[in-house]
Amino acid sequence: MNKNTNQALNSETVMASFIGKKRFVWIILGIVAVVVVAAVVIPTTIILTNKKTTTTEVTSTTTSTTASTRKSTTRVRRTSTASTTTTTTANPSMRDWVETDSMADSRTVHTASVLNNGKVLVTGGLSDTIPLNSVELYNLSTATWTRTNSMIYKRYQHSASILHNGIVLVTGGQGDGDCVVSSELYDPETEIWTNTGDMNTKRCLHTASVLEDGMVLVTGGFVDSIDHNSAELYDPSTGNWTPTGNMMHARRWHQASILNDGKILVTGGENDKGMTNTAELYDPLTKSWTTTGSMHDARVCHTASLLPNGNVLVVSGDRDDYLAELYDPITGNWATTGSLHIPRTGHAASVLTNGDVLVSGGRTPGAYDIKSSEIYDLLTETWSMTDDMDCERYQHQSSVLPNGTVLVTGATNRITTTCNAELY
Ligand SMILES: *[C@@H]1O[C@H](CO)[C@@H](O)[C@H](O)[C@H]1NC(C)=O
Ligand SMILES: *[C@@H]1O[C@H](CO)[C@@H](O)[C@H](O)[C@H]1NC(C)=O
């Protein structure tokens with residue numbers, strides 16, 4: 001616009017110098033020039049400017065429409081994933097969970113351990129209220145289960161630990177009657193079970209952790225309606241158990257996590273006073289316990305996962321608990337992190353190869369066992385729903401296979417021998 005105005009002014013200046021000679025002609029030409037500028041150049045410019053404005057508006061409208069369509073599509077997809085069990089058959093390649101071979105026995109409150117040879121060893125548990133001594137192996141190359149030798153004793157609510165020499169130590173648990181003191185060893189090469197030393201105390205619903213020096217620490221547990229605060233150590237070189245310091249709190253259904261500094265963090269659980277939010281640390285060097293920061297919430301049948309950054313993520317652990325928290329071993333304090341979409345207890349958790357945490361199944365408000373699973377994003381500290389599993393699972397196990405796939409085994413008692421294992 002300015003340029004055109006200048007052009008018009010220049011024409012007038014030029015015009016004035018010629019006015020003396022051929023005033024009339026130039027006045028006419030001057031008027032024509034002004035009229036041409038006014039009639040053609042200015043309107044054209046306005047039209048062009050208008051066109052540009054219009055084009056811009058159209059473009060931006062299109063962009064925002066596309067963006068909002070995308071957003072709402074995503075939202076619809078998430079909602080349907082979160083709230084329904086359908087949408088599974090339409091496109092099988094989109095499924096997060098896939099079926100795999102079923103175990104011969106259905107089981108819950110069993111153990112699942114990834115052996116050094118890559119196979120998954122599943123021991124004991126309850127099958128329709130019947131205690132099991134049966135043991136099965138999952139070979140991920142063939143994606144099939146085979147039976148191996150049974151344990152000497154039936155056990156559920158027991159523990160299984162892989163010793164530094166690759167042998168598996170199975171401890172305590174409940175058989176036909178009370179919780180037991182006995183332990184046995186499984187050699188993956190010979191597939192043979194042998195007895196090893198008895199614990200000093202009967203235990204079920206305890207924890208077992210393999211320490212850096214190869215000793216195994218068991219903590220707490222339950223027997224004869226009494227919760228324990230005692231702990232003991234298994235020495236693989238002698239096969240003997242020795243009591244080590246007592247915890248401050250008696251606990252069952254608690255969790256024990258091995259921190260990067262070698263200490264063991266014990267969290268939550270319950271005793272005759274109810275659920276607890278307390279946490280304590282075992283130092284293998286001094287063989288003693290110290291109290292550390294308490295969690296914001298009391299938790300039982302929760303999960304505790306060591307993250308790649310050394311923090312521990314505890315998840316839910318009550319039927320109406322959406323809260324997850326992070327323990328920082330440096331400060332000894334807890335901080336709340338992203339909340340779950342669905343509260344759960346008796347669920348399972350696995351740290352995926354990228355550091356994210358997969359939480360599956362469990363029991364929700366109303367005592368419903370659930371198929372839903374969700375993933376904790378390590379970086380954003382938020383949870384997102386995945387597809388549902390094929391079956392409701394409660395008190396099941398979740399194992400990360402050597403190829404990064406997660407194998408969940410077992411389910412609620414009422415589930416039969418079909419649908420007792422699937423892969424994420
Ligand atoms: C798993 O099965 C494959 C194929 O039969 C076999 O070659 C492999 O040795 C098995 N793995 C173990 C650890 O036995
Ligand atoms: C890992 O092994 C499982 C079981 O055989 C298989 O279904 C899955 O496709 C494998 N994943 C990868 C990434 O190879």
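**Close-up views of a predicted protein model with two ligands**

**Figure 1. The hairpin of strand 6 and strand 7.** Strand 6 and strand 7 form a hairpin with four residues between them, and Ala143 in the turn has a positive phi of about 55°. The model is predicted: local features need pLDDT of at least 70 and side-chain atom pairs count only at pLDDT 80 or more, whereas totals for chains, interfaces and linings use all residues. Residues are numbered from 1 along each chain as its sequence is written, and chains are lettered from A and ligands numbered from 1 in the order in which they are written. Strands (E, at least two residues) and helices (H or I, at least four) are DSSP runs, numbered from the N terminus; two strands pair if DSSP finds at least two bridges between them. Strand 7 (residues 144-148) pairs with strand 6 in the antiparallel sense over five bridges, and Thr144 is the bridge partner of Asn139. Strand 6 (residues 135-139) is also joined by four bridges to strand 3 (residues 120-123), again antiparallel; here Val135 is the bridge partner of Thr123.

**Figure 2. The surroundings of ligand 1 and ligand 2.** A residue is near a molecule if its C-beta atom, placed from the backbone, lies within 6 Å of it. Ligand 1 is surrounded by Asn117, Gly118, Lys119, Asn139, Ser141 and Thr142. This shell has five polar residues, one charged and no nonpolar. Around ligand 2 are Leu140, Ala143, Leu401, Asn403, Gly404, Thr405 and Leu423, of which four are nonpolar, three polar and none charged. In this division, Ala, Val, Leu, Ile, Met, Phe, Trp, Tyr, Cys and Pro count as nonpolar, Asp, Glu, Lys and Arg as charged, and the others, Gly among them, as polar.

**Figure 3. An open sheet of four strands.** The strand order is 1-34-33-32, with antiparallel pairing. Strand 1 (98-99) and strand 32 (397-400) are the edge strands, each pairing on one side only. Four bridges link strand 32 to strand 33 (residues 406-409) in the antiparallel sense, and Val408 in strand 33 is the bridge partner of Ser398.

**Figure 4. The largest nonpolar core.** A nonpolar core is a set of buried Ala, Val, Leu, Ile, Met, Phe, Trp, Tyr and Cys residues joined through C-beta atoms within 7 Å. A residue is buried if 20 or more other C-beta atoms, placed from the backbone, lie within 10 Å of its own, exposed if 12 or fewer, and partly exposed in between. Among the 69 residues of this core, those touching the most other members are Val216, Leu217, Val266, Leu313, Val314 and Val315. Strand 25 (residues 312-315) gives the most to the core, with four residues. Beyond its neighbours within four places in sequence, Val266 is in contact (C-beta atoms, placed from the backbone, within 7 Å) with Thr219, Met247, His254, Ala256, Ala279, Glu280 and Tyr282. Of the 424 residues of the protein chain, 39% count as buried.

**Figure 5. Two loop residues with positive phi, Asp224 and Glu381.** Most residues other than glycine have a negative phi. Asp224 has phi near 50° and lies in the loop between strand 14 (222-223) and strand 15 (226-227). Asp224 is exposed, with 7 other C-beta atoms within 10 Å. For Glu381, phi is near 55°; this residue belongs to the loop between strand 30 (373-377) and strand 31 (382-385). Glu381 counts as partly exposed, with 14 C-beta neighbours inside 10 Å.

Note on methods:
Contact = placed C-beta atoms within 7 Å.
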